[in-house]
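Q: I am new to this structure and would love a friendly, close look at its open sheet. Could you start with the whole chain and then walk me through that part?

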Amino acid sequence: MTHAPGRLSHGAPVAVIDIGSNSVRLVVYEGLNRALTPVFNEKALCGLGREVLSTGRLPQDAVDRAFAALKRFRALCDAMQVGEVHALATAAARDAQNGPAFIAECEAICGTRIELLTGKREAELAACGIVAGVHAPDGIVGDLGGGSLELVDVKAGYVGTGVTLPLGGLALQDRSSRSTRKAEKIVRDTIPEAQVLEGLAGRTFYAVGGTWRALARLHMFTKGYPLHVMHGYVIPAREALDFTRIVHRADTEALAHIDVISDARRPLLAYGALVLENIVRQGRPSEVVISALGVREGLLYSLLPEAERAGDPLLIAAAEMNVLRSRSPLHGEELVAWTDGFFASAPVLEEAEEERRLRRAACLLADVGWRAHPDYRGEQSLNMIAHAAFAGIDHPGRAYVALSVYFRHVGLGADESDTRILELVTTGMLDRARILGAAMRVAYVLSAAMPGILPRMPLKVRGDQLALSVPKQLVPLINERVQNRLRQLARLIGREPALEQYEEGAAD
C-alpha cells in the first residue's frame, strides 16, 4: 500500500468490528502498535439489545440495520486495504435465542470469525483498554454497554476477574418498561451484588462506554470546561453524584446543553446516570475518569508481544508525531537528552517520574508547529498538542506539555489571558512549563533545530551558575540572542548565566 507522507508504516491497517447491544462499529487503526491511531471510525446505532430481555430475540429491524452496516464495513475494509479484521460481539448476541443464526450471517458478511465475548472476557478486554490508555491505572473499570455492565479491578499491569450485571442501558429500558423509577429499583437491587466494588473506596472508577461518554460530554459543556477531549476527563465523586441525580430525575430534553448529545443517545442518558450514581454511592471512589479506550483497544493491546505492551503510549505517540512533523526528528531526541542533563543538574528542578515523562514528551513535540506562520506557531502547537489523540496522559499533563511548547514559540512575556487551558494546571506546573519553554528557546536558537549541536553544548547548573559549555569550534554560534535567552532561563531558576569554552576531546 502506498502511504501518504503523513502516515507511518506499521504494516497494513488493522480493523476491529464491534457488534454491541446498542451500536455496531468499525474502527480502522493505522497499524497494530502500542500507540494506536484510528484512521477511520464509524458506528451505526442498531439497537440489537432493545428487546432481548422481554422477547428473548434480537429485533428484526435491528438485525437488518446491523447487516447493512456490516456490508458497508466489509467494503470499507477492502477499500482501505486492511490486513487483519478482528470482530467481536457482546451481550445482545450472546443472550438472544436467534443469536447463533445472527452471528453466522455476520461472519458470512464480514468474511472473518466473530468472537462472541463472555461477560468475563468482555470485562478483561475493557480492563486491558484501560491499561493501554491510562498511565499507571489503579481502580475499578466499568464498561457500560447496551445489554450489560462489566466491572473489573485493575492496577498497573494487573487485571482482576470480571463480573457482569444485566444493567446495560437498553436492557434497563426493556426490563423497566421505560420507567426510570422502576429502573432505579432494579439498579439499587443489583449493584450490591458486585463484590468487586468493595475495593473501589478512595480509588478511581474508570468509565467506559458510549452512554457514559455522552453523560460526561454533557457535564463538560455544562461546566464550560476548557478542553473538549473526552479521554481522561475527570469528574470528582461528589460532583458525579449530584450530576447523575439531576440527569435521571429531570426531563432529558430540558437539560442545559442537551443539544451537544445526539438524538439517538439521549434516551439512554437517564439509565446510564442511574447506574453511575449507584456505583459511586456503593463504591465510594475518589473520582470518575472517562476513557475513550475500551474493549476494541484492549483486544489489540492483548495481541501485542509482552515487550511492546510495556511501552509508554504517550512517548511512543510523541515520537511518532516528531517523525511526521518536525524539521529533524533526531534533534527532538537530542533535546530530550539535553534537558535530561539540565534538569538532573539542578536540585531545584528535581522531577517525579510523571514530570520526567511529560517533559520528554514535550521535547519530542517541540517542533511540530514549525510550518505555521511565525506569529501563530505557539497557538497552533498548543492546539495540536492539547487536542491530539494521545493516550497515557491526563488533562493537566496535556496542558503542561502544550504550554511548554507554546512558551518555546511565543516567549515568556506573552499575554496568556486568552489561553484557557491555563485553568487545568497548578501554579507549580505552570512554572515548570515556563522553565522548560525557556530551555527550549535556548536550544533552538543554538541549533536551528538541526541535530549534532546540542550534544556538544551541555547545559548544567553548577552552584549558583547556569553554565552552557561551548566547544571552541562552535563559538561563532553564540551571539547576543543566545545570551539573552540563556540569561532569561537563568533568571527563572535563580542562577547567574555563564558561558564556558572547552576543547572537544578533552576531559569534561
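What radius of gyration would a compact globule with 508 residues have, and what does the chain have?

A: Happy to help! This is a predicted model, in which local features need pLDDT of at least 70, side-chain atom pairs count only at pLDDT 80 or more, and totals for chains, interfaces and linings use all residues. Residues are numbered from 1 along each chain as its sequence is written, and side-chain values use heavy atoms, with hydrogens and water left out.

A compact globule of 508 residues would have a radius of gyration near 23 Å, and the chain, with 26 Å, agrees. That radius is taken over C-alpha atoms, and the globule rule is 2.2 Å times the number of residues to the power 0.38. Along its principal axes, the C-alpha trace spans about 85 × 50 × 40 Å. The chain holds 19 helices and 15 strands; these are DSSP runs numbered from the N terminus, helices being H or I with at least four residues and strands E with at least two.

Now to the sheet. Five strands make up an open sheet, in the order 3-2-1-4-5 and with mixed pairing; two strands pair if DSSP finds at least two bridges between them. Strand 3 (38-45) and strand 5 (114-116) stand at the edges with a single partner strand each, so one side of each has no neighbour in the sheet. On average, neighbouring strands here are turned by 15° against each other, direction ignored. Axes are lines fitted to C-alpha atoms, for helices over the stretch in contact, and angles run from 0 to 180 degrees between N-to-C directions.

Look next at strand 1 (residues 14-19) and strand 2 (residues 23-29): they run antiparallel and are joined by six bridges. Ile 17, for instance, has Leu 26 in strand 2 as its bridge partner. Helix 4 (residues 99-110) packs on this sheet, touching strand 1, strand 4 (84-89) and strand 5, where contact means heavy atoms within 4.5 Å. The direction of helix 4 makes about 155° with that of strand 5.

Finally, a word on what lies inside. Buried residues, those under 20% relative accessible area with a 1.4 Å probe and protein chains only, make up 56% of the chain. The largest nonpolar core has 115 residues, and among those touching the most other members are Phe 205 and Trp 212. A nonpolar core is a set of buried Ala, Val, Leu, Ile, Met, Phe, Trp, Tyr and Cys residues joined through side-chain atoms within 4.5 Å. A second, separate core of 32 residues includes Ile 103 and Ile 109.

Methods: Buried means under 20% relative accessible area, exposed over 50%, partly exposed in between (1.4 Å probe, protein chains only).
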